[in-house]
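Reader: Could you take a close look at the aromatic part of this model and describe, with some care, how its rings are arranged and where they sit?

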Amino acid sequence: MSEGRQRDIFAETLREVADIVRTSAEGLDREEVLGYFRDVELTEEQKEMVFEYLLNVQTGKEDTKAPVREDGEDTFADGNGAREKQVKNGDKDAWRDSKALELYLEDIANVHEYDEEERERLCAELLNGSGEAAAKLSESMLKEVALIAREYASEKVGLEDLIQEGNLGIFVRLGELCGMGEDCGYDVEEEMAEAADNAIRAYAAEATGESDAANTIAGKLNLVNEAKKFLRGQNNREPSVQELADYTGMSIDELDDIESFYKGGSV
């Protein structure tokens with residue numbers, strides 16, 4: 001299975017498990033969580049990232065800790081509070097209002113803001129394999145994700161869903177960067193911002209039915225460029241066409257067509 005397909009399965013699975021966590025009365029223990037990821041190859045660091053993510057995941061702000069079952073197992077239980085009830089009652093339109101964004105930003109106002117030195121340290125720890133650093137970096141982006149999401153919210157796509165997709169996009173990208181080493185050449189903060197924007201734009205385009213042929217080609221171009229960046233960092237050289245094909249799941253002919261279409265562009 002290509003690395004690109006692995007990434008898609010990981011994102012889809014994490015989204016599914018997060019939804020279960022939000023609605024489950026009992027929560028999931030670690031073995032149950034890992035069972036959902038049986039088709040994805042996860043490092044130990046990535047497993048810890050998943051656990052950290054699910055301990056904190058909620059719609060909007062994750063401000064409650066998951067309870068522990070009587071048997072002592074760690075659980076990832078529902079703790080969404082009034083705002084989740086509001087969504088379940090069908091009031092998603094409220095998320096499109098500027099007032100809703102204001103309330104959300106107030107909710108996350110107490111999230112620790114790391115200074116430049118702290119962020120540099122967390123980025124280095126992430127690249128050296130720290131899942132805990134990934135969780136902190138992801139949390140530090142909550143406000144920025146909300147502001148990006150606001151630009152794409154509409155009658156067809158709610159702010160809540162866009163925020164969730166943006167946060168998920170960051171988490172998936174951090175999972176890819178975790179353990180790559182400080183000499184990989186990636187700027188973690190730039191990668192987080194780009195991942196959030198890409199995830200939000202893609203979700204909005206799909207939800208509003210704007211994913212026409214041109215957008216599809218643009219999306220494939222994005223994927224090819226991401227693959228090039230990732231493989232350059234991993235191998236310290238330009239990737240071959242075959243390596244790009246393996247990573248993206250595209251055929252060599254399809255890659256040639258995309259490059260021809262965007263001749264003179266970034267591919």
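**The aromatic cluster**

Author: In this predicted model, Phe 171 counts as buried, because its relative accessibility is 2% and the cut-off for buried is under 20%. Phe 171 does not stand alone, since Phe 10, Phe 37 and Phe 171 form one aromatic cluster, and a search of the whole structure finds three aromatic pairs. In one of these pairs, the ring centres of Phe 10 and Phe 37 lie 5.7 Å apart while their planes meet at 45°, so the pair is tilted. That pair links distant parts of the chain, for Phe 10 belongs to helix H1 (residues 3-23), whereas Phe 37 is found in the loop between helix H2 (30-36) and helix H3 (44-56), 27 residues apart. Both partners are shielded by the same criterion: Phe 10 is buried with a relative accessible area of 10%, and Phe 37 is buried with a relative accessible area of 3%.

Phe 10 also pairs with Phe 171, and here the ring centres are 6.3 Å apart with the planes at 20°, so this pair is stacked, the limit for stacking being under 30 degrees. Because Phe 10 lies in helix H1 and Phe 171 in helix H9 (residues 159-177), the stacked pair ties together parts that are 161 residues apart in sequence. Phe 10 thus takes part in a tilted pair with Phe 37 and in a stacked pair with Phe 171, within the one cluster that these residues form.

Notes
Residues are numbered from 1 along each chain as its sequence is written. This is a predicted model: local features need pLDDT of at least 70, side-chain atom pairs count only at pLDDT 80 or more; totals for chains, interfaces and linings use all residues. Side-chain values use heavy atoms; hydrogens and water are left out. Rings of Phe, Tyr and Trp (its six-membered ring) pair if their centres lie within 6.5 Å; planes under 30 degrees apart count as stacked, over 60 as edge-to-face and the rest as tilted. Helices (H or I, at least four residues) and strands (E, at least two) are DSSP runs, numbered from the N terminus. Buried means under 20% relative accessible area, exposed over 50%, partly exposed in between (1.4 Å probe, protein chains only).
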